[in-house]
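Trainee: I have just opened this entry and would like to walk through it with you. Could we begin with the charged pairs?

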Amino acid sequence: MPEKTEKPAPETGEATAAEAATTGEAATTGEAATTGEDRPRRRQARGERRIAQLLEAAARVFATTGYTAASTNAIAREAGVSPGTLYQFFPNKEAIAIELGSRLMHEMRQSYDEVLTPITSDTTPLEEVIAGTVDRFIEFNCRHPAFFVLMHGPDIPGRIAEEHDALHTTLVARVETILAPFAPDAPQAAVTRTAQMCVGIYKAGLELILAHEGDEREAYVQELKGALVRYLEPLMGTS
């Protein structure tokens, strides 16, 4: 008589499809696979939400205390999590600043693409160009005060400084493309110097604007626009 062969019992915690169907404790094989695939995505989504929460808290702390005085404990406290939770995502304050700075610079580059586009001087007045550009960048910096802190504060991480230098170079180049139609006969070197001066005037005015609020802030915004117009009018031949 042939020897009877027993089917191996499932390991603890496992169940065959038949057993699952009988007990109602598991879904079909296809549904189980889908659940298994969704689980890493859910964990990833939770991780991304936590990172966003920590970066938003870091932005508030940096804007309030500056980069140097900020600490991971202060950031964790602002985010409402333990320092241990913060360290699951960022090893130190510098890593947080680099990630936050990179995201803000990416958003600022998008603003460059939308605002600083070539125009024709015969269809767009210089004052309108200046007003639109200044308003967009001031709005961004007022919405993200940590951006100015990370870009211009002392002791910022070297990687942020390098990315900011590249961002500055891009900004000057874009301003040159804006100014060129207003001074078609000017040498390229002169247009470059003018663009550099415009960026310098803007940054100096931005610091004053961010230091004030309400009507006083708006007054400084108007002063900045006026300073740029008065500087550019004779250079662009529009006076």
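Mentor: Arg60 and Glu78 form a salt bridge through their side chains, at 2.7 Å from N to O. A salt bridge here is a side-chain nitrogen of Lys or Arg within 4 Å of a carboxyl oxygen of Asp or Glu. Please note that this is a predicted model, in which local features need pLDDT of at least 70 and side-chain atom pairs count only at pLDDT 80 or more, while totals for chains, interfaces and linings use all residues. Residues are numbered from 1 along each chain as its sequence is written, and side-chain values use heavy atoms, with hydrogens and water left out.

Trainee: Which helices hold Arg60 and Glu78?

Mentor: Arg60 lies in helix α2 and Glu78 in helix α3, so the salt bridge between Arg60 and Glu78 ties together parts that are 18 residues apart in sequence. Helices (H or I, at least four residues) and strands (E, at least two) are DSSP runs, numbered from the N terminus.

Trainee: Are Arg60 and Glu78 buried or exposed?

Mentor: Arg60 is partly exposed, at 40% relative accessibility, and Glu78 is partly exposed at 38%. Buried means under 20% relative accessible area, exposed means over 50%, and partly exposed is in between (1.4 Å probe, protein chains only).

Trainee: How many salt bridges does the structure hold?

Mentor: There are 7 salt bridges in the structure. One of them joins Arg103 and Glu99, whose closest N and O atoms are 2.7 Å apart. Both Arg103 and Glu99 lie in helix α5, 4 residues apart, which is about one turn of the helix. An α-helix has 3.6 residues a turn, so residues three or four places apart point the same way.

Trainee: Where are the partners in the salt bridge of Asp113 and Arg174?

Mentor: The side chains of Asp113 and Arg174 meet at 2.6 Å, N to O. This pair links distant parts of the chain, with Asp113 in helix α5 and Arg174 in helix α8, 61 residues apart. In addition, salt bridges that share partners join Glu107, Glu139 and Arg143 into one network.

Trainee: Staying with α5 and α8, what does Arg109 touch?

Mentor: Arg109 is in helix α5, residues 93-115. Leaving aside residues up to four places away in sequence, Arg109 touches Glu163 and Leu167; contact means heavy atoms within 4.5 Å. Arg109 and Leu171 are 62 residues apart in sequence, yet 8.6 Å apart in space, C-alpha to C-alpha.

Trainee: And Glu163, is that one buried or exposed?

Mentor: Glu163 counts as buried because its relative accessibility is 19%. Glu163 is in helix α8, residues 158-179. With residues up to four places away in sequence set aside, Glu163 touches Ser102, Met105 and Arg109.

Trainee: Let us change topic. What surrounds Ala58?

Mentor: Ala58, in helix α2, is buried, with a relative accessible area of 0%. Not counting residues up to four places away in sequence, Ala58 touches Ile75, Ile96 and Leu100. Ala58 and Ala76 are 18 residues apart in sequence and 8.3 Å apart in space, C-alpha to C-alpha.

Trainee: Which residues of helix α3 are buried?

Mentor: In helix α3, which covers residues 72-79, the buried residues are Thr72, Ala74, Ile75, Ala76 and Ala79. Just after α3, Gly80 takes a positive phi of about 75 degrees.

Trainee: Now the outside: which residues form the positive surface patch?

Mentor: Arg39, Arg42, Arg43, Arg46 and Arg49 form it. Such a patch is made of residues with over 30% relative accessible area and no salt bridge, like charges being joined within 9 Å. Lys and Arg count as positive, and the place of an Arg charge is taken as CZ. Within the patch, Arg43 lies in helix α2, residues 29-65, and is partly exposed at a relative accessible area of 47%.

Trainee: Finally, how many helices and strands are there in the whole chain?

Mentor: The protein chain has 10 helices and 0 strands. Buried residues make up 35% of its 239 residues. Among contacts between residues at least 6 apart in sequence, 69% join residues at least 24 apart. The chain exposes about 14300 Å², of which carbon and sulfur atoms supply 53%; accessible areas come from the Shrake-Rupley method with a 1.4 Å probe.

Methods:
Patch = residues over 30% accessible without salt bridge, like charges linked within 9 Å, V, L, I, M, F, W, Y side chains within 5 Å.
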